[in-house]
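Work through the exercises below with the sequence and the structure at hand, and try each task before reading its solution.

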Amino acid sequence: MAGPVTPYATPVTPALALPPAFEAFYALHYTPYLDYARAHLTLAEATACINTVFGTLISRWDTLVGSSNPTAEAWDYLSRQVRQSTPLLPMSSDRTLHHDVRVLTTLGYTAADIAAITGRDPSKIRYLSRSSTTPTPTPHQSN
């Protein structure tokens, strides 16, 4: 006599176990990365760009965390991806971080926030933030 027929459960795709350090990095950087991308791209383009960036970062996670400054390398990768998606941002590489600081400042991030987001020294970010402000023109007096 055969036993009761047990219906097979729907196969469950195993969840990808991400390294806790990546999960923490993702939680800290997703919003500012998306904010930065949104300053240059449509929401759909920015979301796709960020998904690609984080997908690439996790695929290279072991190499990235073994580098001397993983946060800076990750930021540089994001910034490069956004620039490649935005033909309106032709600029020399020596001006890229300066531009990034200006954008993040405009979005309301403090110098300390920007240093943490970009992986750069806070003093460098403070310097770039100060040099990013455009002086207010003073009206000329006519005689």
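Two rings of Phe, Tyr or Trp, with the six-membered ring taken for Trp, count as a pair if their centres lie within 6.5 Å. The model used in these exercises is predicted.

**Exercise 1. Describe the overall make-up of the protein.**

Begin with the secondary structure: the protein has seven helices and zero strands, so that from the N terminus on its elements run α-α-α-α-α-α-α. Next, turn to burial, where 35% of the 143 residues count as buried. Finally, look at the contacts between residues at least 6 apart in sequence, of which 65% join residues at least 24 apart.

**Exercise 2. Find which residues ring pairs link into a cluster, and examine two of the pairs.**

Start from the whole structure, in which a search finds 12 aromatic pairs. One of them is formed by Phe25 and Phe54, with 6.4 Å from centre to centre and 65° between the planes, which is an edge-to-face arrangement. Because Phe25 lies in helix H1 (residues 20–38) and Phe54 in helix H2 (residues 43–59), this pair ties together parts that are 29 residues apart in sequence. Both Phe25 and Phe54 are buried.

Then take Tyr26 and Tyr30, whose ring centres are 5.2 Å apart and whose planes stand at 40°, so this pair is tilted. Tyr26 and Tyr30 both lie in helix H1, four residues apart, which is about one turn of the helix. Tyr26 is partly exposed, with a relative accessible area of 34%, and Tyr30 also counts as partly exposed, at 22%.

To complete the answer, the cluster linked by ring pairs consists of Phe22, Phe25, Tyr26, Tyr30, Tyr33, Tyr36, Phe54, Trp61 and Trp75.

**Exercise 3. Decide whether Gln81 is buried or exposed, and list its contacts beyond its sequence neighbours.**

First locate the residue: Gln81 is found in helix H4 (residues 70–85). Since buried means under 20% relative accessible area, the value of 18% for Gln81 places this residue among the buried ones. Leaving aside neighbours within four places in sequence, Gln81 is in contact with Cys49 and Val53.

**Exercise 4. Explain why helix H5 is described as largely enclosed by the rest of the structure.**

Consider the residues of helix H5 (residues 96–106): eight of its 11 residues are buried, and therefore the helix is largely enclosed by the rest of the structure. The buried residues of H5 are Thr96, Leu97, His98, His99, Asp100, Val101, Val103 and Leu104. As a last step, look just after H5, where Gly108 takes a positive phi of about 100°.

Conventions
Residues numbered from 1 in each chain as written. Predicted model: local features only at pLDDT ≥ 70, side-chain atom pairs only at ≥ 80, totals over all residues. Heavy atoms only, no water. Helix = DSSP H or I, 4+ residues; strand = E, 2+ residues; numbered from the N terminus. Buried < 20%, exposed > 50% of the residue type's maximum accessible area, 1.4 Å probe, protein only. Contact = heavy atoms within 4.5 Å. Phe/Tyr/Trp six-rings, centres within 6.5 Å; stacked < 30°, edge-to-face > 60°.
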